[in-house]
Structure formats: structure tokens, C-alpha cells
Amino acid sequence: MGFDEMDVDTIWMDGEFVDWDDAQIHVLTHGLHYGSGVFEGARCYDTANGPALFRWEEHLDRLFQSAKPYEMDIEYTKEELTAATKELIQRQELRSCYIRPVAFYGYNSLGVSPKDCPTRTAIAAWPWGAYLGEDALENGIDVMISSWRKHASSQIPTNAKTTGLYVNSMLAGEEARRNGYAEAIVLNKEGNVAEGPGENVFLVRDDEIYTPGLSESILDGITRDAVIRIAEELGYTVHDNVSISRGELNTADELFFTGSAAEVTPIRKVDNVVVGNGSRGPVTEEIQQQFFDIVEQGPEEYDEWFEFVDVE
């Protein structure tokens with residue numbers, strides 16, 4: 001569904017709420033030409049206790065940490081961004097939505113150096129269901145190993161969620177879709193599993209869970225972290241600092257993606273090789289069910305994961 005089909009009309013931009021169609025920038029904006037921006041993707045869930053931002057504090061922490069390597073000064077405090085986000089959700093009468101905060105170097109000069117370019121900050125929120133489709137959550141998706149590799153942290157900081165870096169994700173994802181797959185898996189420069197274009201990867205073998213470590217050129221996913229805690233509390237052993245070879249994907253009992261957009265999505269095939277029995281596996285299903293129980297119910301034991309939004 002395109003934005004024109006959604007009932008959303010407001011964006012917060014540089015301290016003000018503006019009409020959706022008026023949230024515009026100059027064509028010579030530094031971030032447009034050089035990808036010099038950082039962003040987050042978060043969700044607000046309509047829990048049993050009311051609408052709540054899921055792991056919002058961690059998303060804001062990562063936004064500010066992502067800005068550091070680029071010496072980008074976000075002039076708004078985390079408290080101000082939180083208040084703006086809540087009001088944005090209230091103004092649009094949303095109960096569940098996807099949230100996109102973004103900060104980028106704006107318009108002033110167009111040398112590669114962003115010196116003297118202002119930092120612009122905006123937040124948008126809109127309804128967005130299952131990123132890879134509702135059917136994918138139950139039946140899983142087919143993925144391919146992309147021919148594009150993930151850049152190394154010695155080249156560009158992989159722990160920063162940078163706008164320009166998602167060209168790599170776009171290339172991998174579109175290559176997969178052109179070839180009839182729903183999504184891609186990207187290898188790092190060593191040829192080991194890194195991540196999906198916008199997701200972290202988990203592997204299940206003999207009822208133990210494995211996911212690439214941060215040294216494998218992955219983004220430190222916030223949903224990844226939540227799933228690790230959920231899995232451990234369910235009694236699973238989780239190995240979260242490993243290298244996973246390409247071949248291990250074909251012999252895994254189960255595979256699944258995690259991400260703020262993808263949530264917990266099973267993988268049923270890799271390059272047309274069936275994973276496990278070709279459907280959502282029991283470990284994935286248990287973790288997925290627990291994840292959705294948490295975000296739908298907002299239980300007290302996970303209170304620190306939720307920032308509630310007051311709505312009528």
C-alpha cells in the first residue's frame with residue numbers, strides 16, 4: 001500500500017508538525033547526494049494496556065550512536081523526540097504503526113564535506129502490517145544468497161544505521177525479487193552469513209539457536225536482542241557471537257529473520273534448498289508466538305520494553 005492510500009496527514013519536522021505533503025527538502029540537500037543521514041525503524045503496538053512504542057529507548061540510543069561517526073549533532077534531546085513521536089501518533093489517531101525517525105545533513109553546500117550544512121530531523125508514522133506479508137509469518141519465505149556482499153566495519157561503520165548504506169540492502173533485495181524470492185541473505189567479505197537486507201538471521205540446529213556476532217558486519221538489531229532474551233527465557237541455548245557459513249544454511253533445522261519491520265519471519269527455502277521440513281519450525285513458532293504475545297499484551301515483566309502513548 002502506497003502512502004497516498006493511507007490515512008496519514010502529518011509529519012514532525014525540525015520541531016514543528018507539518019502537513020504530510022509539505023514535509024519537503026531542497027534538491028541540493030547533502031544527505032540526498034551523499035547518503036549522509038541516520039535513521040531508525042520502530043513500531044508502536046496496540047497492546048492490551050494501550051498503544052506503546054516498542055523498545056523506543058533503545059532505538060533512540062542507536063539513533064544518537066549512529067550519528068557519532070559522522071559528527072552529526074542532533075539538536076533535539078531524546079525526551080523531545082519522544083514527546084514529538086507520541087504527539088504525532090495522537091494527532092493521527094494511530095494505535096499501531098511503524099515509526100521512522102531520520103536525521104541528515106541538509107542544504108547549504110555540496111562539497112563532500114558536510115561542514116556548515118545543518119542537521120535536519122524528522123519523524124513520520126504510518127500504519128504498516130507484516131513487512132514481508134501476513135502469510136510469511138505463518139508459512140515462511142523463500143530467500144536467495146545475494147551476489148552482493150556486506151561491507152566490512154573497516155570500510156564503513158556497520159554498527160551505525162546509515163541511510164546511504166541501505167543501497168547495499170536495496171541491491172540485494174531487488175536481486176532476490178527479480179529472481180522470484182521474497183528476500184535475500186547477504187554474506188560478509190569473508191563469505192560468512194551477515195544478515196538480510198533489513199533483518200538479522202537466526203539458525204536453529206539440534207534445538208540450539210545461533211546468530212552471527214557483531215564482528216560479522218551485522219547491525220546490532222534491537223529485535224535481535226529481544227529475541228535472544230525471549231529464547232533464553234524459554235530455555236533455549238543461544239549462541240549470539242558465532243560465524244555461520246553459507247553451507248550451514250542448507251543443513252539448518254530452522255532459519256528465521258528478525259527485525260522491527262520483519263518481526264519474526266520463518267525462512268523455508270534458501271536458493272531453492274528446503275530448510276528443515278519446508279515450513280515454520282517448532283522453535284521458530286514458539287519464539288514467534290512469545291514475541292507476539294509480549295507485544296500484544298504488554299506484560300508487566302517486560303515493562304521496560306514499552307513506552308505507552310496516551311490516546312482517547
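The protein folds into eight helices and 17 strands in what is a predicted model. Its radius of gyration comes out at 19 Å, close to the 20 Å that the globule rule gives for 312 residues, so the protein is as compact as a globular protein of that length. Laid along the principal axes, the C-alpha atoms take up a box of roughly 55 × 50 × 35 Å.

On the inside-versus-outside question, 53% of the 312 residues are buried. Contacts that span the sequence are well represented: taking those between residues at least 6 apart, 72% link residues at least 24 apart. As for the surface, about 14400 Å² is exposed, and 45% of that comes from carbon and sulfur atoms. Charges are lopsided in number, with 24 positive and 57 negative. The mean positions of these two sets sit 7 Å from each other.

Then there is the interior. In soluble globular proteins, nonpolar side chains tend to be buried together. Here, the largest nonpolar core gathers 26 residues. Those with the most contacts inside this core are Phe54, Ile209, Phe256, Ile287, Phe291, Trp305 and Phe306. Two strands, E5 (50–54) and E11 (200–205), each bring at least two residues to the core, and so do two helices, H6 (222–233) and H8 (282–297). Helix H8 is the top contributor, giving six residues to this core.

How values were computed
Residues numbered from 1 in each chain as written. Predicted model: local features only at pLDDT ≥ 70, side-chain atom pairs only at ≥ 80, totals over all residues. Heavy atoms only, no water. Helix = DSSP H or I, 4+ residues; strand = E, 2+ residues; numbered from the N terminus. Rg over C-alpha atoms; globule rule 2.2 N^0.38 Å. Buried < 20%, exposed > 50% of the residue type's maximum accessible area, 1.4 Å probe, protein only. Contact = heavy atoms within 4.5 Å. Areas by Shrake-Rupley, 256 points an atom, 1.4 Å probe, with all protein chains shown as cover. Lys, Arg positive; Asp, Glu negative; His and termini not counted. Charge placed at Lys NZ, Arg CZ, Asp CG, Glu CD. Core = buried A, V, L, I, M, F, W, Y, C linked by side-chain atoms within 4.5 Å.
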